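Visitor: I am new to this structure and would like to understand how its descriptions are reached. Could you take me through the reasoning, one term at a time?

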Amino acid sequence: MPISPPHSNLFAALQTGFPQDLHSVAVETDSGLCYSWQDLLDGSAMLANLLESLGLPSGARIAVQVEKSVEALMLYLATLRSGLVYLPLNTAYQSAEMAYFLEDAQPAVLVCSGVNFGWLSKLAFTAGTAYVFTLNEDRSGSLLERAAQFSREHRVAESGPDDLAAIIYTSGTTGRSKGAMLSHGNLLSNAQVLQKAWGWRAPEQGGDVLIHALPIFHVHGLFVAIHSALLSGSKMIWFSKFDARLALQHFARASVFMGVPTLYVRLLGESGLKREAVRNMRLFISGSAPLLSQTFSDWQARTGHTILERYGMSETIMLTSNPYFVQDGERKGGTVGPALPGVQVRVVGEGGEALATGEVGDIQVKGPGVFQGYWNMPEKTAEEFTVDGFFKTGDVGRVDDQGYVTIVGRSKDLIISGGYNVYPAEIEGYLNALPGVMESAVVGVPDVDFGEVGVAVVIAKSGVDLNPQAILAALKSKIANFKIPKRCELVDELPRNAMGKVQKNLLRARFAKA
Ligand code: MLC
Ligand code: AMP
């Protein structure tokens, strides 16, 4: 979709959706604070002026590892409006992970929670970061103290559609995380497509109210949810952290909800989830991980609503979506819907040949949301694209005769747990480095709550008596908690095929029900 020049800066484009009454509520938090649209404009302007006062070079990265807050949202908007590059980092990341991101991305600025300032500032300064600010959940910290001295007037930077807006790190199959570079054009085109596809209501049509319950360091909560709400001038009810009971209480005042499947599973566990509780809601959207057919049909039975499942990636933003409008077709459970306008999806065989309708193969995509490449990894970027410019998603699926895509698996060795990606290769690297561990394999097994969780299968060095709990405890000090396998199993050997490759499918089957 073409983007007209004055609005190539994503912030400028999002701002065109703000309601006329800038003093109406834009964000209401779960602790009862209300922020107007004017507050978002003022706060992001002051932060943008602060960032610009630092005299950073164009393309400078602003790395952010803070708890969810409206001020963190303002910092994201400030980075956009300054034409700088936003680099959000999961708050679960520990020192080894943070050291890697800081070394790799070389951010000019790091914003972190005050409690982490000591160790993180040391890592950041070692990596060459010039400025480290703090931002806490209670709105204290050096970032806002400094920003308070700056003007609320700010001129939005002129950004071209190909200028970088954000880098999102996604783990790699080799264990090394890759920074997906997304431009203003990537993000804006996707926001515009979703605004139309999901029927977001403008303020003059009564507006929407979104329950924002996801973290804001990944694509789903940061881009899909926030851009949709801002571009349509919709109020957000802002949860610092997902809580099923709280969400249920707010449904009566909201119209749209977005979640990963775990959130739907947890909501279904609430006895109060009934038609009456969701009477004002118009849309429930699920994505980031496969939604089980059971969850889809249970939700229909309990609420009368059909969940709209969509599919996307950090590298591509949203690719497909089940229809919102009845005239566009039915929402088919078990599918992620047809390609969104402007997106091409194809399924290819092992030799890269296009497969016929209904045949299962590798999913490749092309479209305006597809990223600019991996940060500092030109070879890796080249590997992930075909000669005719399609991106290899690493997902395996089929397309039916109505164009609906069904994802049946992944060619990449990846576990998706509660919507977070965990790459076994990375965890195996940490396991293999532990004293007494000879070899390991990490596999995903079904889990009622998280959809899938990791199991570590470990072989001890000869004569060493390993303790499975101690192994998991040792990992806890090193990596993000969501990456820690939920179980550790000791074995004498790993099943291998004739090529010597570990047969993870056999391990999955063996440990699925243990
Ligand atoms: C928390 N834990 C997890 C986990 N989340 N373990 C595995 N997978 C997860 N997702 C750990 C905790 O650290 C804790 O460990 C234990 O599990 C129980 O924690 P909890 O209190 O039950 O978890 P909670 O804090 O409630 O978090 C669960 C959750 C959260 C589902 C709310 O994981 C979440 O917000 N997920 C959404 C992720 C997301 O936004 N994904 C979008 C990616 S973008 P311990 O040891 O401390 O007890 C993308 C593209 C796209 O994929 O298409 O959208
Ligand atoms: P991420 O790297 O965190 O952006 O995760 C992207 C991956 O999430 C995709 O490649 C898919 O494997 C998975 N994914 C996203 N949405 C869905 C969905 N609706 N169903 C199944 N898998 C999904």
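Guide: Let us begin with Phe223, whose relative accessibility is 2%, in what is a predicted model.

Visitor: What makes Phe223 count as buried?

Guide: A residue is called buried when its relative accessible area is under 20%, and Phe223, at 2%, therefore counts as buried. Tyr76 can be judged in the same manner: its relative accessible area is 1%, so Tyr76 is buried too.

Visitor: How do you know that Tyr76 and Phe223 form an aromatic pair, and why is the pair called tilted?

Guide: Two rings pair if their centres lie within 6.5 Å, and the centres of Tyr76 and Phe223 are 6.2 Å apart. Planes under 30 degrees apart would be stacked and planes over 60 edge-to-face, so the 45° between these two planes makes the pair tilted.

Visitor: Why can this pair be said to tie together parts of the chain?

Guide: Tyr76 belongs to helix H3 (residues 70-81) whereas Phe223 belongs to helix H8, so the pair joins parts that are 147 residues apart in sequence. A search of the whole structure finds 21 aromatic pairs, and ring pairs also link Phe251, Phe257, Tyr264, Phe284 and Trp299 into a cluster.

Visitor: What makes you say that Lys68 lies over the face of Trp238?

Guide: The NZ atom of Lys must be within 6 Å of the ring centre and within 35 degrees of the ring normal; Lys68 is 4.7 Å from the ring centre of Trp238 and is placed over its face. Arg346, for which the CZ atom is used, lies over the face of Phe390 at 3.7 Å from the ring centre.

Visitor: Turning to the ligands, how do you know that Ser288 has a polar contact with ligand 1?

Guide: The cut-off for a pair of N or O atoms is 3.5 Å, and a polar side-chain atom of Ser288 lies 2.6 Å from an oxygen atom of ligand 1, so the pair qualifies. A polar backbone atom of Gly419 is 3.0 Å from a nitrogen atom of ligand 1, and a polar side-chain atom of Lys486 is 2.8 Å from a nitrogen atom of that ligand. The protein covers 75% of the 1000 Å² of accessible area that ligand 1 has on its own.

Visitor: Which elements supply the shell around ligand 1?

Guide: Helix H8 (219-231), helix H10 (261-268) and strand E13 each supply at least two residues, and H10 gives the most, with 3. Altogether 23 residues surround ligand 1, and by class they are 9 nonpolar, 9 polar and 5 charged.

Visitor: What makes the approach of Ser314 to ligand 2 a polar contact?

Guide: A backbone N or O atom of Ser314 lies 2.6 Å from an oxygen atom of ligand 2, which is within 3.5 Å and therefore a polar contact. The side chain of Asn421 places an N or O atom 2.8 Å from an oxygen atom of ligand 2, while a polar backbone atom of Ser288 is 3.1 Å from a nitrogen atom of the ligand. The protein covers 91% of the 490 Å² of accessible area that ligand 2 has on its own.

Visitor: Which strand gives the most to the shell around ligand 2?

Guide: Strand E13 does, with 5 residues; E13 (308-313) and E18 (405-410) each supply at least two. By class, this shell has 7 nonpolar, 4 polar and 5 charged residues.

How values were computed
Residues numbered from 1 in each chain as written. Chains lettered and ligands numbered in written order. Predicted model: local features only at pLDDT ≥ 70, side-chain atom pairs only at ≥ 80, totals over all residues. Heavy atoms only, no water. Polar contact = N/O pair within 3.5 Å; in protein donor to acceptor, adjacent residues only side chain to side chain. Areas by Shrake-Rupley, 256 points an atom, 1.4 Å probe, with all protein chains shown as cover. Helix = DSSP H or I, 4+ residues; strand = E, 2+ residues; numbered from the N terminus. Nonpolar A, V, L, I, M, F, W, Y, C, P; charged D, E, K, R; others polar. Near = heavy atom within 4 Å. Phe/Tyr/Trp six-rings, centres within 6.5 Å; stacked < 30°, edge-to-face > 60°. Buried < 20%, exposed > 50% of the residue type's maximum accessible area, 1.4 Å probe, protein only.
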